[in-house]
Amino acid sequence: MPESESGPPLGRLLTTTAREVSRAFDTALAAAGGSRSTWLVLLALTTRRTASQRELAVEVGIQGATLTHHLNGMEADGLLTRRRDPENRRVHLVELTDAGRDAFARLRGVAQDHDRRLHAGLDPDDLAAARRVLTLLRTNVGADTERV
């Protein structure tokens, strides 16, 4: 598809922008000793307190063996514990440890700094317009706009 007078196709611009924003976030998390998957699990467990591995998989969008791999590493690092659900022994319940809560606080600061960086130069009207446009783009492709 040729570039229009107003620039590259919107999908390409959005994809490129998302990739660069994600890289910057990943770099910031890594500098603080974290990763995106660690951040997502910590965030999910901070809001839920206890979750089954299946619930975590849905919430963070990491499935099966990949989630198990991340949880194994986080458990080895002392960030979380897993135990069998006494009501259903096939279910593993995952909970943060004190070290996990400390890691969450550290990475939350990184996430907040990253978000502030994204807001630079945007006035409240720009930010509201950006949110509306991004939500509309997700709706246009049939995405569930309730989950962010």
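Q: Let's start with helix 4. Which residues in helix 4 are buried?

A: Keep in mind that this is a predicted model. In helix 4, the buried residues are Leu-67, Leu-71 and Met-74. Look down the axis of helix 4 and its buried residues fall within an arc of 60°, so they line one face of the helix.

Q: And which exposed residues sit on the face of helix 4 turned away from its buried side?

A: That face carries Ala-65, His-69 and Ala-76, and they are exposed.

Q: What covers the buried residues of helix 4?

A: The cover includes two helices, helix 2 (36-48) and helix 3 (53-60), along with strand 2 (80-85) and strand 3 (88-96).

Q: How do I check the length of helix 4 against what is expected?

A: Compare the end-to-end C-alpha distance with the rise of 1.5 Å a residue. Helix 4 covers residues 64-76, which is 13 residues, and reaches 18 Å from its first C-alpha to its last, close to the 18 Å expected. After helix 4 comes Gly-78, with a positive phi near 80°.

Q: Now for helix packing. How are two packed helices described?

A: By the angle between their axes and the distance between the axes. Take helix 2 and helix 3 here: their axes come within 10 Å and cross at roughly 115°. That crossing is right-handed.

Q: Which residues make the contact between helix 2 and helix 3?

A: On the helix 2 side you have Leu-40, Val-41, Ala-44, Leu-45, Thr-47 and Arg-48, and helix 3 brings Glu-55, Leu-56, Glu-59 and Val-60. Sorted by character, the residues of this contact divide into 6 nonpolar, 1 polar and 3 charged.

Q: Which residues of helix 2 are buried?

A: Ser-37, Thr-38, Trp-39, Val-41, Leu-42, Ala-44 and Leu-45 are the buried ones. Two of the names, Val-41 and Leu-45, should ring a bell, as they also take part in the contact with helix 3. As for length, the 13 residues of helix 2 should span 18 Å at 1.5 Å a residue, and the end C-alpha atoms are 18 Å apart, which agrees. Arg-49 follows helix 2, and its phi is positive, near 75°.

Q: On to helix 5. What span should helix 5 have?

A: Same recipe: at 1.5 Å a residue, its 22 residues should span 32 Å, and the end C-alpha atoms are 31 Å apart, which agrees. Just after helix 5, Gly-121 takes a positive phi of about 80°.

Q: Where do the buried residues of helix 5 fall, seen down the axis?

A: The buried set is Gly-100, Ala-103, Phe-104, Leu-107, Val-110, Ala-111 and His-114. Seen down the axis of helix 5, they fall within an arc of 130°, so they line one face of the helix. They pack against helix 1 (10-31), helix 2 and strand 3. On the other side of helix 5, Asp-98, Asp-102 and Arg-116 are exposed.

Q: Why does His-114 count as buried?

A: The cut-off for buried is under 20% relative accessible area. His-114 has 10% relative accessibility, so it counts as buried. Leaving aside its neighbours within four places in sequence, His-114 is in contact with Val-21, Ala-24 and Phe-25.

Q: And how does Leu-118 count?

A: Leu-118 is in helix 5 too (residues 98-119). At 38% relative accessibility, Leu-118 counts as partly exposed. From Leu-118 to Asn-72 there are 46 residues in sequence and 32 Å in space, C-alpha to C-alpha.

Notes: Residues numbered from 1 in each chain as written. Predicted model: local features only at pLDDT ≥ 70, side-chain atom pairs only at ≥ 80, totals over all residues. Heavy atoms only, no water. Helix = DSSP H or I, 4+ residues; strand = E, 2+ residues; numbered from the N terminus. Expected span 1.5 Å × (residues − 1). Buried < 20%, exposed > 50% of the residue type's maximum accessible area, 1.4 Å probe, protein only. Arc of directions from axis to C-beta. Contact = heavy atoms within 4.5 Å. Axes fitted to C-alpha atoms, helices over the stretch in contact; angles between N-to-C directions. Left-handed = near helix turned anticlockwise from the far one by under 90°. Nonpolar A, V, L, I, M, F, W, Y, C, P; charged D, E, K, R; others polar.
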